[in-house]
Amino acid sequence: MTQLDGVVKPKTKRSKRFLQGREPKLNENIKNAMLIKGGNANQTVTQALKDIYSLKKPNAVMYKKKNITRPFEDQTSLEFFSKKSDCSLFLFGSHNKKRPNNLIFGRMFDFHVLDMIELGIEKFVSLKDIKNSKFPEGTKPLLIFAGDAFETDNEHKKLKSLLIDFFRGPTVPCVRLAGLEHVLHITALEGKIYLRSYKALLKKSGCRTPRIELEDMGPSFDFTMRRTHLASDDLYKTAHRQPKALKPKKKKNVSHDVFGTKYGRLHMQKQDLAKLQTRKMKGLKKRKGEKAEGEGEEVEAEATTAKKAKTQ
Amino acid sequence: MAACSIEDVLAKAERDEAEKLKSISVYKELELEFDTGNLFAFDKNPPDTREFKKQNKDEFLRSLARDNTQLLINELWKLPTERVEEVIVAKLPEPTTRLPREKPVPKPRPSTKWEEFAKLKGIQKKKKTNLVWDDVHKEWKRRWGYKRANDDTKEWLIEVPETADPNEDQFSKRIKAKKERVAKNELNRLRNIARGQKIKVPGVGLAPTDQQSKTELGKAIHVAKHSTASVGKFQGNLPKEKAPKNMGKKRQFQPLIGDFSVEKQKQLDMLNIMDSKKPRIDITKAVNKQMREEDRQSGFQKRKSPGKKGRKGNFSGKGTAKGKGKKGGPGGGSGGGKNRKPRMKQGKR
């Protein structure tokens, strides 16, 4: 009944709008994230979840109670939660002896798990521990990935895609230049992944572009990659498929030169060149007066000949 | 003199420019990949591990981050800007990174029967005004919906046409007609949906569930038999087929003003029954039935859980089954066991 399948019609306009917000669209909504605590979640993991929740604030749901599930074995409860709260990203935190301080980042496609990556927290510095002013929630962050591992290793590539999806924020047409404060920098180095969050200060430089100074602000994590659960290639292909309507329409009959001159083509119908309308040349126009003069001369000539005949 | 001074001036200008750009320029071996639509930069340069080990880790990471951020900001400042309410805003291009969708691409809605017909005939939709002038109330009212114009169910005076029965209620006739129209509309709407989803639209008894009871099968046969042009008048019966009872009316009511003598007789009979000493139900039969039920239940329980001696409950309804229609006792007892199908032979209620 989550879809507007028409059999059960929503009784109020408000519920209708709510259901329309949740159905699949051409241009999608921003992805919501759900942050879930596992059976044995200790202080570190809980604090980490809270920090990431505050980073993702309006587009995230934090579950207060502990849920005793194992995402890598059984994904049904996660899928049920995602369907109920309309969240396609999830972050599951747990702790046990074998895998201490565990965070599982994951995303869904059509309410089924697409991929999940398990990261272990080696070192964690929380938002509370660094005492300085923060920026308002909901700022779109500048994401920077560093390290060639993100290019070469397949799992790191998927992790990069997942982290972009997670922290991206809404897609906006314009951004206020002075408001670019949040910088998330992720480095892959020696098998570990370092996530640092900074506040950018725009300083005066000689020219228009400012000089950047960074101030350590947000949560900082040192991760190690543990297990992964990636989807098959065709599922990735289906998930990445963009509808044709979103592709930009090609402008026909317009071409550009090497020098940047714009050329256009016009298609005309066949014209009769004899009846072509050209410029009017007044001098060549046949006037009415000319014709009458010609006649008058003729009449005179006749008259004189007649006279001559008479006189003769 | 003049020539070398010009050269000097140019050289000085270049040096000044370089000085200015020094603060924001960063040298990298490999250029970064930018996706300004997402405010995203990717540095492919392998980070210097020796430096990392030498320095404090955080310091190294911070300087690396500063350099990369500077490059990203340089890219962002190259974008076209505009002024929106005293704020300088940069226009972002479309994001280039391919990310998976959240939900699959929406499918177009299946068209209804009318839409297909209109497409076939080339009928265009005519745009109608929202409000219609109602002469009775002398104001503009909605075309349809709550408090609409020209609502014939809300009239206070209806002239009875000459051809109509004088005892017929014209107001209720109009209300009934409206209800029928609403029901027909709803049926067609659901049929359109079913056709769109390619579900078979069932008639009565023609969409079989897995286990059909005798009555359901009987109903399906009855419907099939009467779906002919002569409404089943000339359909022969199968051998041993009986006409189904309880078709249609579930309750029969006598007419309000009918046969007086019959009504009198009925009332007298009722009084006789109330007066008589004989109980309405046959006690021996009821008791035998009850005992049979009990035996059956105990046998079932024993088979299910050997050795488990549960209390059978208080069957106090045995001896006190008096009065009209008292089926409480046996009825209550038979509902006690687990996993039992409802008995068809429940007798008259």
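At 66% relative accessibility, Arg109(B) counts as exposed. In this predicted model, Arg109(B) forms a salt bridge with Glu115(B), and the closest N and O atoms of the pair are 3.8 Å apart. Glu115(B), for its part, is partly exposed, with a relative accessible area of 32%. Side chains of opposite charge can pair when their charged atoms come close. A search of the whole structure finds 25 salt bridges over all chains, and several of them serve below as points of entry.

A second pair belongs to chain A. Asp272(A) and Lys275(A) form a salt bridge in which the closest N and O atoms are 3.7 Å apart. Lys275(A) is exposed, its relative accessible area being 70%, whereas Asp272(A) is partly exposed at 46%.

A third pair leads from one chain to the other. The side chains of Arg101(B) and Glu28(A) meet in a salt bridge, with 3.6 Å from N to O. This pair crosses between chains: Arg101(B) is in the loop between E4 and helix H4 (113-121) of chain B, and Glu28(A) is in the loop between helix H1 (13-22) and E1 of chain A. Arg101(B) has a relative accessible area of 4% and is therefore buried, since buried means under 20%. Glu28(A), at 27% relative accessibility, counts as partly exposed.

The interface itself may now be considered. Chain A contributes 71 residues to the contact, and chain B contributes 55 residues. Together the two chains bury about 6,000 Å² between them, with 63% of that area on carbon and sulfur atoms. Leu177(A), Leu189(A) and Ile212(A) supply 10% of the area that chain A buries against chain B, more than any other three residues.

Polar and charged groups also take part. The count between chain A and chain B is 3 salt bridges. One of the salt bridges joins the side chains of Arg196(A) and Asp58(B), at 3.1 Å from N to O. Across the interface there are 24 residue pairs in polar contact. By class, the side of chain A that touches chain B has 33 nonpolar, 14 polar and 24 charged residues.

The two chains are also joined by strand pairing. Strand E7 of chain A (residues 174-176) and strand E4 of chain B (residues 87-91) pair in the antiparallel sense over 3 bridges. Within this pairing, the bridge partner of Arg176(A) in E4(B) is Val89(B).

Within chain A, strand E3 (residues 89-94) is mostly covered, as 6 of its 6 residues are buried. In a regular strand the side chains alternate between the two faces of the sheet. In E3(A), Leu89(A), Leu91(A) and Gly93(A) point one way, while Phe90(A), Phe92(A) and Ser94(A) point the other way, and all are buried.

E3(A) has strand partners of both senses. Strand E1 of chain A (residues 33-37) runs parallel to E3(A), and 5 bridges join the two. In that pairing, Ile36(A) stands opposite Phe92(A). Strand E4 of chain A (residues 102-109) runs antiparallel to E3(A), joined to it by 6 bridges. Here Gly93(A) stands opposite Leu103(A).

Strand E4 of chain A also holds Arg107(A), which is buried, with a relative accessible area of 1%. Which residues have side chains in polar contact with the side chain of Arg107(A)? One is Ser161(A), at 2.9 Å; another is Asp165(A), also at 2.9 Å. Arg107(A) further belongs to a network of salt bridges that links Lys31(A), Arg107(A), Asp115(A) and Asp165(A).

A final point of interest is Phe221(A), which lies in strand E11 (residues 220-229) of chain A. At 1% relative accessibility, Phe221(A) counts as buried. Its neighbours in space include residues distant in sequence: Phe221(A) and Glu122(A) are 99 residues apart in sequence and 7.4 Å apart in space, C-alpha to C-alpha. Leaving aside residues up to four places away in sequence, Phe221(A) touches Ala48(A), Ile52(A), Ile121(A), Lys123(A), Phe124(A), Ile193(A), Tyr194(A), Leu195(A) and Arg196(A). Among these, Arg196(A) leads back to the interface, where its side chain meets that of Asp58(B) in a salt bridge.

How values were computed: Residues numbered from 1 in each chain as written. Chains lettered and ligands numbered in written order. Predicted model: local features only at pLDDT ≥ 70, side-chain atom pairs only at ≥ 80, totals over all residues. Heavy atoms only, no water. Contact = heavy atoms within 4.5 Å. Buried area = accessible area lost by both parts, 1.4 Å probe. Salt bridge = Lys/Arg side-chain N within 4 Å of Asp/Glu carboxyl O. Polar contact = N/O pair within 3.5 Å; in protein donor to acceptor, adjacent residues only side chain to side chain. Nonpolar A, V, L, I, M, F, W, Y, C, P; charged D, E, K, R; others polar. Pairing = 2+ DSSP bridges. Helix = DSSP H or I, 4+ residues; strand = E, 2+ residues; numbered from the N terminus. Buried < 20%, exposed > 50% of the residue type's maximum accessible area, 1.4 Å probe, protein only.
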